[in-house]
Structures are given as structure tokens and as C-alpha cells.
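Here is a friendly walk through the reasoning behind a few structural labels. Have a look at the model, then follow the questions below.

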Amino acid sequence: MSDVKQFLLPDVGEGLTEAEIVSWKVKAGDTVKVNDVIVEIETAKSLVELPCPFAGVVDGLLVEEGETVPVGTPIIAVRVGGAGGAPAAAPAAPAAAPAGEARAQAGGETLVGGPAEDLVPAPKPGGERQAVLVGYGPRTGATTRRPRKSAPGHAAAAEAGVREAFSTAAPVSRPVAPPGPARPVVPVPQEPGPSAARLRVLAKPPVRKLAKDLGVDLGALVPSGPGGTVTREDVQSAADGGAPAVAAGTAGAQAAAAGTGWDGGPREERVAIRSVRKHTAANVTRSAFTAPHVTEFVTVDVTRTMRLVDRLRTSREFREVRLSPLTLLARALCVAVRRTPEVNATWDDEAQEIVLKRYVNLGIASATPRGLMVPNVKDAHLLDLRGLADAINALVVTAREGRTPPSDMAGGTISITNVGVFGVDTGTPILPPGESAIVCFGAVREQPWVHKGKVRPRMVTTLGLSFDHRLVDGEQGSRFLADLAALLEDPAQALAWA
């Protein structure tokens, strides 16, 4: 005897409450074993592959790719206990509809329209605990609907309105797609009224989400899907500045679609705020309005450092590793931070204490396709130059591939951001939350410089230092920045301080 079990989206740590379904690695009917990777999700910090906690046959995928769902949402159903049982005709529990919408079945597809009742958590039948990844703590219940508070007879009237709306005997008021495979036609009610207005536009939840993200008005489109449903192609065509059919009486929508932006695209594009961008925005906003920032700059002759980098690159020890000036700056920071420990500290507002860190978890700001990330090298102060180069390169590669684990994003004590790779001279970076200083490394350029009483071409860069003025005074910040400059101007100085 087989049983269908649902896998709830687990809490992958770091207090994250939602994740986006990036790609499914299985489909309905596939046989899976315990710990087989079934889906790749994207959180606010990283891409994560989730293993299957069950062994059996995939009964159905409950969430489509591209959807963002909260922790605890059922995302896949697996038929267990039977030998290769066939998938069920419909998922055991479809994903919850977006707020403000109700679901109805027509032609084997789920259509959306009208306001939905409030969703409240409910325990699973029989109190069975959902098997999840070890150490994760999802919600123990599914979702059910709370009865709507309304006047007597309202629920029955609304139900009758839905039945009337989806009755095949009613006339069809919207055009349908060109002739194709025979499918049931879902008409739209003719009579105006609250219930009819809500059900007039039919679309699946992913299509509604896409329309919301792209700023497309579903009511301004003539649906081309079966039964008068709006399809993903209808929405995308409208967003791309095409010539979609427009319903009568929507002259405003026609006027808005008349103009185009450059390259023939739409004049405006709406991008959903989620994942890394959402997390970054929350962090920098909290940091900017919590820690009073001060930024100082110093211009440095780094000719000797650049010559050292060139020599080391040809040495046997560094021949197989990518060595950059950033690595020497990181090493210099680990040396200088011991002389000014306040820049490697945390302000504990609740305990009214300054926590001085006697170790360095060095954050390296990395530009990735998913947005800005600041993973950190654990115990960077214990690494030699080669070890530091290896660790930084590994962090950057992993971040750009979107594989940074949440553990690499936590626990940073001080950071470096390298804007020089973009040809920028310097900047005023915002502190990562919980840190008291961040160094900005500008572009290294050949410039005229007074050296030994004569103007000569030298390699020059500008360092910026932003620090939290609550625990780092101007004297301490200036001394730390001056130490960094001295180490980059003459790397041999590290022998005296290390």
C-alpha cells in the first residue's frame, strides 16, 4: 500500500523565511531515493540544493520554478510504500494561492480569481511529523482556510456565483486560442457584480506573479489560453512591448503601451526585490541608520608593493595561484589590525559593551550575478600569504557561482571592498552589520609622484576607510589607515610589526 508524503520547504538556517524555486531536478513519475537532490532553491544568501527525505515515486511538483514561497510550504509530493506506483491525478495539496485570490478547477487546470479566505496553520492529520533535512525546523502544519465572517447566506451566494461562472451552459464572452486539442471551455459570467468582476480574469498563480513583477495589467489583455485563461506568453508579449490584444474600454492601457524605450523595449521594467538584493537592502539600511559612519582617505605610492607582486608571481610557491595586490592588502590588514583592535570590534547595544575580537574573519566584497555578497575568510590572521591567496580566490569563485553557504556569510569582523577592478579611484563603503570598519581599495594607476625630491612616474592608489564612530575615534581610524598605507608603501615594514 502506497502513501503520498509532502516535503515542506525547510528552514536552511540564518533565520531565512522564504526561498525561490530555481530549478527542479526531478519530474512527476521519476523514482527518487533518500538524499537524492530534487530541487535547487535560492535564498537571500545562497543557492542551496535540497535532498529528498523520502524514497518513492514523484507524485507531483507543487510549486513551479520561479515562485518564491515561505518556509513550511509543501513543494513536492512523493508516493512512498508502493513499488513504482503511478502518480496521482492531482497533487495531494496544491500550493496556497496568493493572498486575495480563490482557486477553482476547470479543464484539469487550476484557475485563479476572486478573494481568498485567510490562511491559518493547521496540524497534519493524525499529528504525523514531516520528515525534513536533519537540523531544520519547518512548520509542523499545513495550511487550511478560516471560515469567512459574513452575513448569512453570503457564502452560499458566492458559491452559487462560482458555479454559475464556470458552468459550461453559460455563453462565452471572451475569445479563446486558435483551434487546437479539444479542451473544456471555461466561460465568464455576463452579469456584472462583485463576484463576477473578481472572476473575470482567469490566470494561474505563476502567471499572476509574473504579471505583477513585470507591471502588466491582466485586465488589459485578451487571453489566448484554453477556456479564456491568460497565459505566460500573453503577459510576456505585453511586457516586451509587443502588440497584444487589448480588451475594449481600456484606452488608458493602450496609450501607456504606445511608447517604447531604447532598442524597442518597454519604457519601464519592474524587477521583483528578492533573494540577495532584498537581503543586501535590509542590511545596508540597518547599518546606515544604526552606525554613525565616518570615512577617511589616504593616497599611497604602492610601487614597491606592485614590484613585490610581480616577483612573487614568478616564484615557484605562487606559480599556480592567482596573486593580486588585494592579497597583499589583506595581509597588511591582518598585521595592522593588531595595533588598532578597535577597528576589529562589535558594538553590543543590548549589553552596552564593546566586543574586541582577537581574531580576523576577513570579509571580501564580491560582485556576483545575484548581487553583492561579502563572504569572509575564517581566521585570516593565521594564514600566510599563500594561504590567504588560496582562501580569497576560493571565496570569490564560490560566490560568483552562487554556491556560497550561509556559514561563509556569517561571523565577519572586518571587510575589504575592491572598487579598483572597475577603474574607480575610491569610495565611501557602508559597513556590514556588526562590523566596525571596512577598507575600500581603489584603482592602482601610474601617476606623477614626488619621489626622493624628483617628480617620477609611480604606481599610486587611494585607500578609503569607513568606520563606526561609536567605537572608533578619529585618532584610531586615522592611525589604522596610516598603518595600512605604510605597509603598502614599504612591504618590508611588516617584518617589524608582525
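**Reading the labels**

Q: What makes strand 1 and strand 8 a pair?
A: Strand 1 and strand 8 (residues 74-80) are joined by six bridges in the antiparallel sense. This is a predicted model. Two strands pair if there are at least two bridges between them, so with six bridges strand 1 and strand 8 count as paired. As an example, Asp3 has Val80 in strand 8 as its bridge partner.

Q: Why do strand 1 and strand 3 stand at the edges?
A: The open sheet has four strands, in the order 1-8-6-3, with antiparallel pairing. Strand 1 (3-8) and strand 3 (31-32) each have a single partner strand, so one side of each lacks a neighbour in the sheet.

Q: What makes the residues of the largest nonpolar core count as a core?
A: A nonpolar core takes buried residues of certain types, joined through side-chain atoms within 4.5 Å. The largest set that passes has 40 residues, and Leu333, Leu362, Ile416, Phe480 and Leu484 have the most contacts inside it. Among the elements giving two or more residues are helix 9 (385-400) and helix 11 (474-489), while helix 8 gives the most, with eight.

Q: How do you know that the charged end of Arg339 sits over the ring of Trp497?
A: The charged end of Arg339 is 4.0 Å from the centre of the Trp497 ring. The distance cut-off is within 6 Å, and the charge must also lie within 35 degrees of the ring normal. Arg339 is listed as sitting over the ring, so both conditions are met.

Conventions
Residues numbered from 1 in each chain as written. Predicted model: local features only at pLDDT ≥ 70, side-chain atom pairs only at ≥ 80, totals over all residues. Heavy atoms only, no water. Buried < 20%, exposed > 50% of the residue type's maximum accessible area, 1.4 Å probe, protein only.
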